[in-house]
Amino acid sequence: MNSSRFILEGKDLRVYKGGSLVLDIPALRIGEGEVLSLIGPNGAGKTTLLQTLACLIKLSQGEFFFKGEKVSSNHEVFDYRRKLAMVFQEPLLFDTTVFENIASGLRIRGMDRSETEKRVSENLERFGIAPLKGRSARKISGGEAQRVALARALATRPEILLLDEPFASLDPPSRESLIEDLERILRETGTTTIFATHDRMEALRLSDRVAVINGGKILQIGSPAEVMNQPLDEFVASFVGVETILAGRVIKADRGSFVASILGQEVEAVGEVPVGESVVLCIRPENVTLIFSSQKHSSSARNVFPGKIVKIIPIGLYYKVQLDCGFPLVAYVTAHSLENLSLAEGQEVVASFKATAIHVIRKTRKTQ
Amino acid sequence: MDLVFEGIWKAFCLLVTFDPEVMQITLLSLQVSGAATLVSLIIGISTGTMVALTQFPGRRFVVSLINTGMGLPPVVVGLFVTIFLWRNGPLGFLGVLYTPTAMIIAQAIIATPIVMGITLAAIQALPKNLRLQILSLGATRFQMVWILVKEARLPLLAGVMAGFGGVISEVGASIMVGGNIKGYSRVLTTATVMETSRGNFDIAIALGVILLLLAYFINLVLTHIQQRERPR
């Protein structure tokens, strides 16, 4: 593979902080124009990775290359930094006007007046903040401030844009409209972007690839669909929204499918797994259907389990229904079906899910 | 009580007639304290910023020294500056004892820790990630420091005022190293001390009023800065 296809390539990236390893990434390749999101809980190492790539944190070990050229962390590091831009969770605006804030990166580069003005106006328009131009950056709302911060970053026309949870402290409406605008702007400019977030929905929306990070390591990296539907381990599964994660052992294996014993219950799943192997079954809550115990189930689902509703929790547009079917199972139902089926805690229902809807993690493979 | 009213009346006359001696003393006061403040700004802001931005062993100790220095007793400063500048002292060859230069040196020593301490606090009060944000905008180290100082300009201005206010009203060091020589090293505070001891209350009150006016003006500016609306 030709390495120049990658705008950024890291090898054995390691950072120690206070004696402990906080970043440990054997290989990282970022393609030109790609939007990669880093998802993981707080303290997972997302910020450390971004700041390392911006040369704001020194690598303890390893090296990385920008367009095939090694990035040295010692001298002329600001030459490299001028090819990228970073936006933090806080807007970190300067105590001056909105215009001057957006111009600040260009002033640092000593850009001439007319070009500066052109680029600032371009970004004021892009982010819909042109009317704020002459306002003090201290007197605008949080959402507007974050728009100014993004405009300031993009005004430098970075080759790589690093975003460290830029929406995390915004209220939902401002966040929604800003994500929409950013999505459009990134598509227009084709800027390579690395985007850290702990919100998987943001990540799925904006990115070409998703990397799940925890404990300073990339646990899985792949397309959003891949990471969502085929998580490599239980941590990734739970982080991408798989509610039911069941550990069991294969007791029957047929061609292309197998049966696993989960707390004494038999669950059928798809895959070539030999008898005796330990597996983890991941079932997304939206793939579980609920019917009345008295109703005849006509679905093609092979996994049908009678159970009892343990708890019903409202989560926005859906209700999360926790079931006990001999093993714990979680289903999402709409408010409409909750009413239709008149579901209530303690009630007996029948849950079903397709064998193909189960994502199988083979545990034996990992121990090798 | 007559003494006071009479004094105030004479002081008023001296002021409105722009008495040349009073004017000369006021001007020298402003010159000496202004120069001393300027020196303290150069040393105080640069060192204060450096200490705020770097980590080194013994940093806590240095910070505590600076904070202590903010309350340096002028008399002690006067004593040591006198010893150093004394004819046989280590810096005696300069021959500046009992000159305005000596007063500038002593006052700068008093004002520098004040400016330094306020700079240190102001730079440290800036958001933690601001440095990283400035660097990630492509700034060199020098540009980064410059932008940080600009961001802290309001509290730094308070530092300037505090430094200037501290030295213009200081008397101990000025009288010790300046000698209160008429028409040469006599400033508002030293003149006030002398005129009071001589019983010339009118002149002393006039000088006092000028000092008070200066102090009022400084505080006016400070209050204006402090009360300026700064959301977030």
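**Architecture of a predicted two-chain model**

Chain B holds 232 residues, of which 39% count as buried. The structure described here is a predicted model. Its scores are ipTM 0.81 and pTM 0.81.

Chain B is built from eleven helices and zero strands. Its order along the sequence is α-α-α-α-α-α-α-α-α-α-α. The C-alpha trace of chain B spans about 65 × 50 × 25 Å along its principal axes. Of the contacts in chain B between residues at least 6 apart in sequence, 77% join residues at least 24 apart.

Confidence in chain B was examined next. The mean pLDDT of chain B is 90, and 97% of the residues score at least 70. Within chain B, helix 5 (residues 100–124) has the highest confidence, at 96. The lowest belongs to helix 1 (residues 2–16) of chain B, with a mean of 81.

Helix 1 of chain B contains 15 residues. From first C-alpha to last, this helix reaches 21 Å, close to the 21 Å expected at 1.5 Å a residue. Phe18(B) follows just after helix 1 of chain B and takes a positive phi of about 50°. Helix 2 of chain B covers residues 20–53 and includes Met23(B). Met23(B) has 14 other C-beta atoms within 10 Å and is therefore partly exposed. The C-alpha atoms of Met23(B) and Gly58(B) are 48 Å apart in space, with the two positions 35 residues apart in sequence numbering.

Chain A combines both kinds of secondary structure, with eleven helices and 20 strands. Chain A has 368 residues, and 41% of them count as buried. Along the principal axes, the C-alpha trace of chain A spans about 75 × 50 × 35 Å. Among contacts in chain A with a separation of 6 or more, 65% come from residues 24 or more positions apart.

The domain assignment divides chain A into domain 1 (3–238) and domain 2 (244–367). The C-alpha centres of domain 1 and domain 2 of chain A are 38 Å apart. Contact between these domains involves eight residues of domain 1 and five residues of domain 2 of chain A. On the domain 1 side, helix 9 (residues 234–239) of chain A gives the most, with three residues. By class, this side of domain 1 of chain A has three nonpolar, three polar and two charged residues.

Pro328(A) lies in strand 18 (residues 328–334) of chain A. Pro328(A) counts as partly exposed because it has 16 C-beta neighbours inside 10 Å. Not counting residues up to four places away in sequence, Pro328(A) touches Thr244(A) and Gln322(A). Val310(A) lies 18 residues from Pro328(A) along the chain, and the two C-alpha atoms are separated by 9.3 Å.

The nonpolar cores were then considered. The largest nonpolar core has 113 residues, and Leu162(A) and Leu281(A) touch the most other members. Helix 5 (residues 142–155) of chain A supplies the largest share of this core, eight residues. Both domain 1 (3–238) and domain 2 (244–367) of chain A contribute at least three residues each to this core. Leaving aside neighbours within four places in sequence, Leu281(A) is in contact with Leu246(A), Gly248(A), Ala260(A), Ile262(A), Val267(A), Ala269(A), Ile358(A) and Val360(A). Another core, of 51 residues, lies apart from the largest nonpolar core. Its members include Met116(B), Val167(B), Ala173(B) and Met176(B).

The contact between the chains takes 20 residues from chain A and 16 residues from chain B. On the chain A side, helix 2 (77–81), strand 6 (84–87) and helix 3 (98–108) of chain A are the elements that give two or more residues. Helix 3 of chain A gives the most to this side, with three residues. The chain A side divides into nine nonpolar, four polar and seven charged residues.

Definitions and conventions. Residues are numbered from 1 along each chain as its sequence is written. Chains are lettered from A and ligands numbered from 1 in the order in which they are written. This is a predicted model: local features need pLDDT of at least 70, side-chain atom pairs count only at pLDDT 80 or more; totals for chains, interfaces and linings use all residues. Domain bounds come from an automatic or database domain assignment. Two residues are in contact if their C-beta atoms, placed from the backbone, lie within 7 Å. Helices (H or I, at least four residues) and strands (E, at least two) are DSSP runs, numbered from the N terminus. Ala, Val, Leu, Ile, Met, Phe, Trp, Tyr, Cys and Pro count as nonpolar, Asp, Glu, Lys and Arg as charged, and the others, Gly among them, as polar. A nonpolar core is a set of buried Ala, Val, Leu, Ile, Met, Phe, Trp, Tyr and Cys residues joined through C-beta atoms within 7 Å. A residue is buried if 20 or more other C-beta atoms lie within 10 Å of its own, exposed if 12 or fewer, and partly exposed in between; C-beta atoms are placed from the backbone. pLDDT is the predictor's confidence in each residue, from 0 to 100. The expected span of a helix is 1.5 Å times one less than its number of residues.
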